[in-house]
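Reader: I would like a close look at one part of this model, namely how its strands are laid side by side. Please take it slowly and keep to what can be located.

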Amino acid sequence: TKVPVKDGAASLVVDEAVVGTHSVSATFTPKDAVHYEGSSATPASFKVSRAATSTKVKITGKRVGERTAAAIRVVGINKTVPTGKVKLVLRKAGNQGFHKAKSGKLVKGARTFNLGRLGKGRYKVVVKYLGDSSHLKSKTVKRFRVRP
């Protein structure tokens with residue numbers, strides 16, 4: 001990629017670099033080879049790491065008889081859009097035998113799970129984003145109450 005020199009310096013922004021180690025080097029080729037000499041720099045390496053993520057969950061339908069759903073959104077740092085799978089585990093407080101587990105793929109960083117019609121009580125949802133080749137995993141816990 002050719003980059004213009006301004007005030008004796010040039011800079012290059014590398015957008016959308018994939019995860020891994022990369023090498024970059026620079027060569028200066030003067031327009032006027034009679035008065036200026038060309039030069040080249042020793043290659044330098046840089047590393048692109050997987051982006052941090054945050055997982056959010058919104059619960060709807062928190063009344064007995066209503067369908068309860070968990071809307072999940074995973075956002076990568078710098079507004080990148082994660083792909084891959086999320087897992088959800090629903091537990092009811094005081095009822096060790098009650099739990100529901102669901103998993104599925106994100107679509108545009110989001111996924112909604114239908115949790116069915118829940119009985120009155122306190123619940124806890126644990127949502128884990130498993131990560132992908134460009135994004136780190138993350139987790140969130142949400143407690144909520146189903147009322148009469």
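Over how many bridges do strand 7 (residues 85-92) and strand 10 (residues 121-129) pair, and is the sense parallel or antiparallel?

Author: Strand 7 and strand 10 pair in the antiparallel sense, over seven bridges. This is a predicted model, in which local features need pLDDT of at least 70 and side-chain atom pairs count only at pLDDT 80 or more, while totals for chains, interfaces and linings use all residues. Residues are numbered from 1 along each chain as its sequence is written, and side-chain values use heavy atoms, with hydrogens and water left out. Strands are DSSP runs (E, at least two residues), numbered from the N terminus, and two of them pair if DSSP finds at least two bridges between them.

Within the pairing you ask about, Leu90 stands opposite Val125 of strand 10. The two strands belong to an open sheet of four strands, ordered 8-7-10-11, whose pairing is antiparallel. Strand 8 (95-105) and strand 11 are at the edges, and because each has a single partner strand, one side of each is left without a neighbour in the sheet. On average, neighbouring strands of this sheet are turned by 15° against each other, direction ignored; the axes behind that angle are lines fitted to C-alpha atoms, and angles between N-to-C directions run from 0 to 180 degrees.

On its other pairing in the order 8-7-10-11, strand 10 is joined to strand 11 (residues 138-146) by nine bridges, and these two strands run antiparallel. Lys124 stands opposite Arg143 of strand 11, and Lys128 stands opposite Lys139 of strand 11. The loop between strand 10 and strand 11 holds His135, which counts as buried because its relative accessibility is 5% (buried means under 20%, exposed over 50%, partly exposed in between, with a 1.4 Å probe and protein chains only). The side chain of His135 is joined to that of Thr80 by a polar contact of 2.8 Å, a polar contact being a pair of N or O atoms within 3.5 Å, of which, within protein, one must be able to donate a hydrogen and the other to accept it, with residues adjacent in sequence counting only if both atoms are side-chain atoms.

A further open sheet can be set beside this one: three strands in the order 5-6-9, with antiparallel pairing. Its edge strands are strand 5 (53-60) and strand 9 (110-117), each of which pairs on one side only, and the twist from one strand to the next averages 20°. Strand 6 (residues 67-76) and strand 9 run antiparallel and are joined by seven bridges.

One residue of strand 6 is Arg67, whose bridge partner in strand 9 is Arg117. Although Arg67 and Arg117 are 50 residues apart in sequence, their C-alpha atoms are 4.7 Å apart in space. Arg67 counts as exposed because its relative accessible area is 51%. Glu66 is placed in the loop between strand 5 and strand 6, and it counts as partly exposed because its relative accessibility is 36%. Glu66 and Thr83 are 17 residues apart in sequence, yet 30 Å apart in space from C-alpha to C-alpha.
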